[in-house]
Amino acid sequence: LGAKLDADLIETLAFITEYPTAIRRDFDPAYLELPPEVLTTVMRHHQKYFSVESAAGKLAPHFVAVMNTSGDPEGLVKRGNERVLKARFNDARFFWDVDQQKTLAERVEDLAKVTFQAKLGSYLEKTNRVVALVDELGGNAHAQRAALLAKCDLTTEMVKEFTDLQGVVGGLYARHQGEYEAVATAIYDHYLPLSMEGEIPRTHEGRIVALADKLDTLRGCFAVGLVPTGSKDPFALRRAAQGVVKILVEAKLEYKLDDLA
C-alpha cells in the first residue's frame, strides 16, 4: 500500500499547517462500489486527504490526512477525520443514486435550462452545434452519440457538487447506463487536453468530439467579440486553441486549420 502523492496538495498542506503530521486512517470498503474518480475527488478536493492505492494500483479503503499538531493522544483527530469523510462519501453515494433515476439521454432537453453564454445560448444549442460539427468532421455514429450526451452531466447532482468531475461523470454514467464503450470513453475524455503537457483523448471518437467542442467554443466566442486579452480569458480560449493544435498534431488528423476556423 502507498499514498498517491500529489504535488499541488502537498504544497497546499505545507502552507496551511504549522506542525504537519501525517496519519493513516480507514474507511468502510463498501464505499469502493463508487468509482475511484469520485472517491479520490472527495478526499482530495473537499478534505485535502491523500488516497491510498494497492501495489496493483487499485484504490484501497484507507486515506492519509495531515493534522496540524504533533500529537493526538486520545485519537480525537483521527476519529474526527474518519467521521467527516464518511459523511462526504454518503453524500457522493446519494448523488450517484439520485442521478441514476434519469439517464443522460433523458437529460438532453434539460440542457436548454443551462446557459453556455448569453449571446451564444444554452448548452442545448451548443450541443446541437457540436453534433453537427462532429458530423462535418466525419465522426462516426459513436462520436455523434457522445457529442449529444457530452454535456448532460452538467445537469447532475454529482457535477453540481463536484464541478471538477464534469466530463468524467458523464463518461462514468454513460458506461453504467449501457452506452457503448466508445461513447462512454469519448465523453469521459472530451475536455482533454487540460494543458499543453496533458494527454489528448485516448480514442478517435474522443478526439473528434473534443475537437468539435473546442472549435465551437472558439468560433462562437470570437464571433460575438469575446476575444482574449492580456489579462482576461474567461472562456479559456487560449487553452482551447492550444488543445485543437495538440490534438491535430499528436493524433495526426488530416484537417486544414483554415477550414476549421
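## A walk from Leu192 to the sheet

Start by selecting Leu192: setting aside neighbours up to four places away in sequence, Leu192 is in contact with Glu199, Ile200, Pro201, Ala210, Lys214 and Ile247. Keep in mind as you click around that this is a predicted model. Leu192 sits in the loop that runs between helix 9 and helix 10. Is Leu192 buried, partly exposed or exposed? With a relative accessible area of 21%, Leu192 counts as partly exposed, because buried means under 20%. Now add Ala240 to the selection and draw a distance: the two C-alpha atoms are 9.4 Å apart, although 48 residues separate Leu192 and Ala240 in sequence.

**Zoom out for a moment**

Show the whole chain as a cartoon. You should be able to pick out 12 helices and 6 strands. The C-alpha trace spans about 65 × 45 × 35 Å along its principal axes. Of the 261 residues, 44% are buried. If you look at contacts with a separation of 6 or more, 64% of them are between residues 24 or more positions apart. Switch on a surface and you are looking at about 13700 Å² of accessible area, with 52% of it belonging to carbon and sulfur atoms. Colouring by charge brings up 32 positive and 38 negative side chains, and the centres of those two sets lie 2 Å apart.

**Helix 9 and helix 8**

Next, select residues 181–189, which make up helix 9, and find Thr185 there. Thr185 has a relative accessible area of 7%, so it is buried. Beyond its neighbours within four places in sequence, Thr185 touches Arg175, Arg202 and Thr203.

Now go to helix 8, residues 168–176, where 7 of the 9 residues are buried. Which ones are they? Select Val168, Val169, Gly170, Gly171, Leu172, Tyr173 and Ala174 to see the buried set of helix 8. To see what they pack against, bring up helix 2 (36–47), helix 3 (76–99), helix 4 (104–107), helix 7 (157–161) and helix 9. After helix 8 comes Gly178, which has a positive phi, near 90°.

**Into the core**

Hide the surface and show nonpolar side chains as sticks. In soluble globular proteins, nonpolar side chains tend to be buried together. Here the largest nonpolar core has 65 residues, and the ones with the most contacts inside it are Met43, Leu85, Phe89, Val134, Met158 and Leu211. Which helix gives the most to this core? Select helix 10 (residues 204–223), which contributes 8 residues, the most to this core.

Take two of those well-connected residues in turn. Leu211 contacts Leu137, Val244, Ile247, Leu248, Leu253 and Tyr255, leaving aside neighbours within four places in sequence. There is also a second, separate core of 6 residues, including Leu13, Phe50, Val52 and Ala60.

Then jump to Met43, in helix 2. Met43 counts as buried because its relative accessibility is 0%. Not counting residues up to four places away in sequence, Met43 touches Phe27, Lys48, Tyr49, Ser51, Leu59, His62, Phe63, Leu85 and Phe89. For another distance, try Met43 to Val64: they are 21 residues apart along the chain, with 9.3 Å between their C-alpha atoms.

**The sheet**

Follow on to strand 4, residues 59–68. Strand 4 is largely enclosed by the rest of the structure, because 8 of its 10 residues are buried. Which strands make up the sheet, and in what order? Four strands form an open sheet in the order 1-3-4-2, with antiparallel pairing. At the edges you will find strand 1 (2–3) and strand 2, each with a single partner strand, so one side of each has no neighbour in the sheet.

Walk across the pairs one at a time:

- Strand 1 with strand 3: 2 antiparallel bridges. Label Ala3, which stands opposite Val52 in strand 3.
- Strand 3 (residues 50–53) with strand 4: 3 antiparallel bridges. Here Glu53 stands opposite Leu59 in strand 4.
- Strand 2 (residues 20–26) with strand 4: 7 bridges, again antiparallel. Thr21 has Met67 in strand 4 as its bridge partner.

For the last stop, select the hairpin of strand 3 and strand 4. There are 5 residues between these strands, and Gly57 takes a positive phi near 85° in this hairpin.

Key: Residues numbered from 1 in each chain as written. Predicted model: local features only at pLDDT ≥ 70, side-chain atom pairs only at ≥ 80, totals over all residues. Heavy atoms only, no water. Buried < 20%, exposed > 50% of the residue type's maximum accessible area, 1.4 Å probe, protein only. Contact = heavy atoms within 4.5 Å. Areas by Shrake-Rupley, 256 points an atom, 1.4 Å probe, with all protein chains shown as cover. Lys, Arg positive; Asp, Glu negative; His and termini not counted. Charge placed at Lys NZ, Arg CZ, Asp CG, Glu CD. Core = buried A, V, L, I, M, F, W, Y, C linked by side-chain atoms within 4.5 Å. Pairing = 2+ DSSP bridges.
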